[in-house]
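Please open the model in a viewer and keep the sequence panel visible. The tour below proceeds by selection, with each stop stating what is to be found there.

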Amino acid sequence: MSDKFFFKGRQDARESHIKSGFQTNANRKLGTKKYPLELVVTSEERKKEIQDQVDEALIYAEIHVDSSEGAVELIAELTAQINKVETVKMEKTPTRNDPCSCGSGKKYKKCCG
């Protein structure tokens, strides 16, 4: 039997395409309360060190201790968050006849333009 006889209401055509596409998880910001970092360390002492780094960077993380033999630390997400470079913002791009911002004393059009 066809399911079209038992369906009540109108089907949304977009419903099947919600999770597909380019960068579906791009809006997730790691290190927030909603999406904390998942970190694994090998000892309680290391957990305290990592927790101090997390608190200093003002991010949220769940730190688990894996003390089994051959365990590997997984803190790459934390180092990526701490070493993230901020965007450089220029106040104003100089016009052609303004002095160059590099400090050479020449006009921008003759130096860096």
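Begin by selecting strand 1, helix 1 and strand 2 together: in this predicted model, these three elements make a right-handed β-α-β unit. Strand 1 covers residues 37-41 and helix 1 residues 44-57, while strand 2 covers residues 61-65.

**The strand pair.** Hide the helix for a moment and display the two strands. Strand 1 and strand 2 run parallel and are joined by 5 bridges. To locate one of these pairings, select E38 in the company of E62, its bridge partner in strand 2.

**From strand 1 into helix 1.** Next, select T42, which lies in the loop between strand 1 and helix 1. Is T42 buried, partly exposed or exposed? Its relative accessible area is 32%, so T42 is classed as partly exposed. Displaying its surroundings brings up residues distant in sequence: T42 touches V65, D66, S67, A71 and E73, leaving aside residues up to four places away along the chain. A distance drawn from the C-alpha of T42 to that of G70 should read 9.3 Å, although the two are 28 residues apart in sequence.

**Along helix 1.** Restore the helix and follow its course. Helix 1 has 14 residues, and from its first C-alpha to its last it reaches 20 Å, close to the 20 Å expected at 1.5 Å a residue. Immediately after helix 1 comes L58, whose phi is positive, near 60°.

**The salt bridges.** Select R46, E49 and E73 and show their side chains; the three are linked in a network of salt bridges. The model contains 2 salt bridges by the rule applied. In one of them, R46 pairs with E49, with the closest N and O atoms 3.0 Å apart. Both residues belong to helix 1 and are 3 residues apart, so about one helical turn separates them. In the other, the side chains of E73 and R46 meet at 2.9 Å, N to O. Since E73 lies in the loop between strand 2 and helix 2 (76-82) and R46 in helix 1, this pair ties together parts that are 27 residues apart in sequence. With a surface displayed, R46 is partly exposed at a relative accessible area of 25%. E49 is also partly exposed, at 44%, as is E73, at 26%.

**From helix 1 into strand 2.** Move to Y60, in the loop between helix 1 and strand 2. Y60 is partly exposed, with a relative accessible area of 41%. Which residues does Y60 touch, not counting residues up to four places away in sequence? They are G31, T32, K33, P36 and L37. The C-alpha atoms of Y60 and L37 are separated by 6.4 Å, while the residues are 23 apart along the chain.

**The nonpolar core.** For the last stop, select L37, L39, V41, I50, V54, I59, I63, I75 and L78, the 9 residues that make up the largest nonpolar core. Strand 1 and helix 1 each supply at least two residues of this core, and the largest share, 3 residues, comes from strand 1. Within this selection, centre the view on V54. Residues up to four places away in sequence aside, V54 touches L39, I59, A61 and L78.

Conventions:
Residues numbered from 1 in each chain as written. Predicted model: local features only at pLDDT ≥ 70, side-chain atom pairs only at ≥ 80, totals over all residues. Heavy atoms only, no water. Core = buried A, V, L, I, M, F, W, Y, C linked by side-chain atoms within 4.5 Å. Buried < 20%, exposed > 50% of the residue type's maximum accessible area, 1.4 Å probe, protein only. Helix = DSSP H or I, 4+ residues; strand = E, 2+ residues; numbered from the N terminus. Contact = heavy atoms within 4.5 Å. Expected span 1.5 Å × (residues − 1). Pairing = 2+ DSSP bridges. Right-handed = clockwise from strand over helix to strand, strands pointing away. Salt bridge = Lys/Arg side-chain N within 4 Å of Asp/Glu carboxyl O.
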